[in-house]
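Dear colleague,

I am passing on the structure we talked about, placed just below. Please read the notes after it with the structure open beside you.

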Amino acid sequence: MENSEEVKIESTVVTEEPLISALDIALFVVIITVAYFWYFKRDKQSSSSEKKPYTIQPSSLSSIEQTSNSSFIKKLKSTGRSLVVFYGSQTGTAEEFAGRIAKEGARYKMKGMVADPEECDMADLVEMKEIQKSLAIFCIATYGEGDPTDNAMDFYEWLQNGDADLEGLNYAVFGLGNKTYEHYNEIAIYIDQRLEELGATRVHEIGLGDDDANIEDDFVSWKEKLWESVCSHYGIEETGEESNIRQYKLVDCSEVLPERIFSGEISRLKSYENQRFPFDVKNPYLSKIAVNRELHKSGDRSCMHIEFDIDGSKMRYDTGDHVAVYPKNSSELVDKIGELLNADLDAVFSLLNTDEESSKKHPFPCPCTYRTALTYYLDITSNPRTHIMKELIEYASDPKDQEKLKLMASSTPEGKKEFHEWILRDNRNIVHILEDLPSVKPDLDHLCELLPRLQCRYYSISSSPKVYPKSIHITAVLVNYTTPTNRVNKGVATNLLAQLIPTNDELPQPTIPIYIRRSQFRLPPKSQTPIIMIGPGTGLAPFRGFIQERDYARKEGREIGEMVLYFGCRKKDEDFIYENELQEYVANGTLTKLHLAFSRDQPEKKYVTHLLEQNADELWNIIGEKSGHLYVCGDARSMAKDVHSIIVKVVMEKGQMTNSQALNYVKKMEQQKRYSADVWS
């Protein structure tokens, strides 16, 4: 927005001197010339861009477009919509759910749109009351230790710090979380309560989806009751119209020049050929694999130590950060889809949003080939959700296949049971479904619209930038398992990484796109602070970086505090990773204590939690008497929960507290960042 100012001219003027000097005139001419050139150039660029049928960055808006499109209220009013569904998404699931809700709105005479809060002026929520029978729905994920997703961060902070009057705003919230984490659905719960505090009206009770169980079932059950509440609140009835309407239309791009076709880039065309700093989620760095070696000494399992070369990239990381790796699907699975659907995978196409007002013009970078879409952009290995079953029905020529799909797409107890057993328990992906229901032959472009985006995989960085400023290390277990249908499923990222072996000759080294995600998992500011690290298996990864950093400080002559590590694995002679390194740190005094648990080296199972209970005095000495820090990394479902229970028990007994006091003590440790967890389920 341009601001105009009144310029005051002093009333006292120097005698005989003109009001406007030659210098003023010269400056004025320069300013006019620059302004004219800028305007003419912009206009020319705009005119030329209108002639281009395909954008180079289809997944993102330019800064000019974002500014003009930030008012979702204007969009709602200008297009006659009354429903807006916001999403806070880190992996794409919340965005997918938001799209399904907006699509179904048509059945209830509510034309809807999906909106990214990061691209919207959320202060416009105060104006929702101006739209008759309007409704705002929030599909909000919680990730990490009770953190908002990146795209919902600004909205979350706006709610925390603002006091907008939201009276007249009708809303509903669905949260996406995981019960194995302590801060289950914390962000969605906060948003639901905060909107009510600011005067908004809750149309339907909050829904809490648990990704550790069956989040699809949670969502569908909540969604059905949501529409019942909407009908009751607004006095409307379902139209009965099906919502299986294509969101994107197919565009033939066979005539597009090769240099205009995406080949796996995340956002910017040719971004891997012309790398530009800074590197982030939409602009990853194509890193060379410097080292890829096996850590397990024997056995039928594999754990890789991989080093990504970041020399010259200007990328910086801190000990405890995560690195995101962009995988690609196996050519075997991609070819299988082409074979099953009798499709030309090398045909060039684009999917264009039928909603001209949507900021998301394409579901993934377009134009590209079907092979590129299935390899780099679409998730073809996860279990499809029920809405995909519903959309596949029309492509089934066999009545039996049709009935099976209809049953799994339904919300009846029988349908949910069939979906759970045939899809989830048997672990079928879209390739398996097309194989086992041979009459189902969807149009490949429609299948590309339905499948979710392939997401990057995050790994705890297992190195310190003090010691390795030019490389990033990770520790990754190769994922391979046999399903109940006797198919072998392979981890998308780890199986790709296993193939990327650097060579010693002059051949180009293997590469993979990466970027760094910041973490709150940090060493104490003072190197003298004692710490306890609990990391069985690959949970050791970030602690390898912690130990390296403290060892670096010790070698510099600085005083370092006690470092106690609890590590566990199956067998000492098989999967004791980084054994020599750890023993060396014990020998030089960096690692004060190394407690080891080998679960299968004796008749009775022995885990790190058993060792924790045995060392209650040492534990309390560090976290209680010395105000040290405690870190946990690994499995959230059982190990992290068991550790938390043990810590509370030790605080009770050694600190002579009641259960309530001990819980408060541990809670305070978490708030002070003295108790940190980096866990996964």
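Two strands are said to pair here if DSSP finds at least two bridges between them. Please also keep in mind that this is a predicted model.

With that meaning of pairing, strand 8 and strand 12 (residues 348-353) run antiparallel and are joined by five bridges. Within this pair, Tyr-248 of the one strand stands opposite Asn-353 in strand 12. The two strands belong to an open sheet of three strands, in which the order is 8-12-13 and the pairing is antiparallel. Strand 8 (248-252) and strand 13 (368-369) stand at the edges of this sheet and have a single partner strand each, so one side of each is left without a neighbour in the sheet.

A second set of pairings centres on strand 10. Strand 9 (residues 285-294) runs antiparallel to strand 10, and six bridges join the two; Asn-292, for instance, has Ile-306 in strand 10 as its bridge partner. Strand 10 also pairs with strand 15 (residues 471-477), again in the antiparallel sense, over seven bridges, and here the bridge partner of Phe-308 is Ile-472 in strand 15. As for its surroundings, six of the seven residues of strand 10 (residues 303-309) are buried, so this strand is largely enclosed by the rest of the structure.

Turning to the helices, Ile-423 is found in helix 12, which covers residues 413-425. Ile-423 has a relative accessible area of 0% and is buried, because the cut-off for that class is under 20%. From C-alpha to C-alpha, Ile-423 and Met-408 are 9.0 Å apart in space, with a separation of 15 residues in sequence. Met-652, for its part, lies in helix 21 (residues 639-654), and at 28% relative accessibility it counts as partly exposed, because that value falls between the 20% and 50% limits. Met-652 and Tyr-665 are 13 residues apart in sequence, and their C-alpha atoms are 9.4 Å apart in space.

Finally, there is a point about charge at the surface. Glu-118, Asp-150, Asp-154 and Glu-157 form a negative surface patch. One of these residues, Glu-118, lies in the loop between strand 2 (112-115) and strand 3 (135-143), and Glu-118 is partly exposed, with a relative accessible area of 48%.

With best wishes

Key: Residues are numbered from 1 along each chain as its sequence is written. This is a predicted model: local features need pLDDT of at least 70, side-chain atom pairs count only at pLDDT 80 or more; totals for chains, interfaces and linings use all residues. Side-chain values use heavy atoms; hydrogens and water are left out. Buried means under 20% relative accessible area, exposed over 50%, partly exposed in between (1.4 Å probe, protein chains only). Helices (H or I, at least four residues) and strands (E, at least two) are DSSP runs, numbered from the N terminus. Patches are made of residues with over 30% relative accessible area and no salt bridge: like charges are joined within 9 Å, nonpolar side chains (Val, Leu, Ile, Met, Phe, Trp, Tyr) within 5 Å. Accessible areas come from the Shrake-Rupley method with a 1.4 Å probe; for residues, only the protein chains shown count as cover. A salt bridge is a side-chain nitrogen of Lys or Arg within 4 Å of a carboxyl oxygen of Asp or Glu. Lys and Arg count as positive and Asp and Glu as negative; His and the chain ends are not counted. The place of a charge is taken as NZ of Lys, CZ of Arg, CG of Asp or CD of Glu.
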